[in-house]
Amino acid sequence: MAAVRGTRESKARRAGRAAGRALRRPLAGAARGVRRATHAQGAGESGLAQLIELHAVNAAGDMMITVALASTVFFSVPTHEARGRVALYLLVTMAPFALLAPVVGPLLDLLPHGRRAAMAGSMLARALLALSMSGTVADGGPGLYPAALGVLVSSKAYGVVRSAVVPRLLPPRVSLVKANSRVTLAGLLATGVAAPLGAGLHLIGPAWPLYGACAVFLAGAFLSFSLPHAVDSGKGEARARLASRDGAGHAGAGGRRPRLRTVGPSVLHGLQANAALRSLSGFLTFFLAFLLREHPLGGLGPAVSLGLVAVAAGAGNALGTAVGAWLRARGPEPIIAAVLGLALAATVLAALCYEVLAVVVVPAATATAGLCQALAKLSLDAMIQRDVPEAVRTSAFARSETVLQLSWVVGGALGIALPLIGTLGMVVAAGLVALGAALAVRGLLGAARRGGRPAPRVV
């Protein structure tokens, strides 16, 4: 009898080991595939692979915090109350951020030898803030908002440091636009994994996504120091300012502080176009979030409508990132002008057809907006790499990221304030893109004809 039991236990152990091996194989294969992708084309040797992995961790942690806040601020209350809560959230977090954001770039300029520590510090700060928010997220108490502001500022500080770091980790045969495409795509994939994981943790309790975010950010703080020491090198760098005006286009010419406009019109026109597309993104995020709760698409429910639009926006962003890598050899100015035209056409079509084909044109418009935003941002990065001298390039990335975040805030505030009328919202969205096109397209095409060089001065 004992021998029979022993045989059965032995068979059970063998079956358990076989099941474990069967489960490990696909996971190990997926891990090897991810590692091959992140380390391809010399990214492993240059250190870009470590930055890609770190950015994926950062995106996953931010998404878990987003899930926790959305469930408290947006989904847990009726629409009219949710609008008030979100408006309060923007007021308490974004208004101070609007004052702090212009300071972020100059402060980071003071840390050319401490970028790894700055990235680790932003991760550690968000880990601690997520832990502190876990006690107030259930009832949405006033203590939630200062902590959310801290998370936002820390996240954007990481973003501008990351943008400044990428040029120092480029492999020899990889352009900046392709490198940024890979980093951005890793963040999108991590977000797609973290969103359902955060939703699952929320089923346990409203604080659990924040516990998950805390663990993710603690891991990110350790990963920050796996970046190469070249990240902390400030050799050859100086500060850039978004200020006027002319000059020879060389950093520090004539003893002056280097300025961003000295490199020609492409970067500034590209920044104007990107600001318009980023404000469109913020507007659609908030306006559609409230609109579809009250007026779902077609015969769909509110949750399905919101999910459809979110998936469309994410798919468009991912497609734009992939297309950006494919178009890396093309001129960035025509690409930005083209995506502005595409975004304008999509929003105008959505405004004209909203009443009869909302279930089609709204997801199409959000997908187009995501694609255009991704392509325009990658093209702006390429222009900064091409036109901005290395001495001021990292500072230029910090300044451009700050401007784009503030543009998103302006668009989001407009989306909250607007009446929940679908056609009106699409008209306003088209107006935002039209404004960007009016400001930027002529200058972009003129710069493209000159090969990105400044127009000759008339003496």
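Helices are DSSP runs of type H or I with at least four residues, numbered from the N terminus. On that basis, the secondary structure of this predicted model comes to 13 helices and 0 strands. Read along the sequence, the pattern is accordingly α-α-α-α-α-α-α-α-α-α-α-α-α.

**Confidence**

The mean pLDDT of the protein is 75, and 68% of the residues score at least 70. Among the helices, two mark the limits of confidence: the lowest mean belongs to helix α1 and the highest to helix α8. Two stretches of sequence stay under a pLDDT of 50. Residues 26-31 form one of them, and the model gives this stretch 0 contacts beyond four places in sequence. Residues 454-459 form another, with 6 contacts beyond four places in sequence. Where pLDDT is low, the predicted coordinates should not be read in detail.

| Helix | Residues | Mean pLDDT |
|---|---|---|
| α1 | 2-38 | 52 |
| α8 | 208-224 | 91 |

**Overall packing**

The protein has 459 residues, of which 52% count as buried. Its accessible surface comes to about 20,500 Å², and carbon and sulfur atoms contribute 68% of that area. Among contacts with a separation of 6 or more, 82% link residues 24 or more positions apart.

**Helix α5**

Helix α5 covers residues 115-133, a run of 19 residues. At 1.5 Å a residue, α5 should span 27 Å, and the distance between its end C-alpha atoms is 27 Å, so the expected and modelled values agree. The buried residues of α5 are R115, R116, M119, A120, S122, M123, R126, A127, A130 and M133. Because these buried residues cover an arc of only 155° around the axis, they lie on the same side of α5.

**An aromatic pair in helix α9**

The whole structure contains 3 aromatic pairs. One of them joins F283 and F287, whose ring centres are 5.3 Å apart and whose planes meet at 10°, so the pair is stacked. The cut-off behind this assignment is that planes under 30 degrees apart count as stacked. Both residues belong to helix α9, which runs over residues 265-294; because F283 and F287 are 4 residues apart in this helix, about one helical turn separates them. F283 is buried, and F287 is buried as well.

Key. Residues numbered from 1 in each chain as written. Predicted model: local features only at pLDDT ≥ 70, side-chain atom pairs only at ≥ 80, totals over all residues. Heavy atoms only, no water. pLDDT = per-residue confidence, 0-100. Contact = heavy atoms within 4.5 Å. Buried < 20%, exposed > 50% of the residue type's maximum accessible area, 1.4 Å probe, protein only. Areas by Shrake-Rupley, 256 points an atom, 1.4 Å probe, with all protein chains shown as cover. Phe/Tyr/Trp six-rings, centres within 6.5 Å; stacked < 30°, edge-to-face > 60°. Expected span 1.5 Å × (residues − 1). Arc of directions from axis to C-beta.
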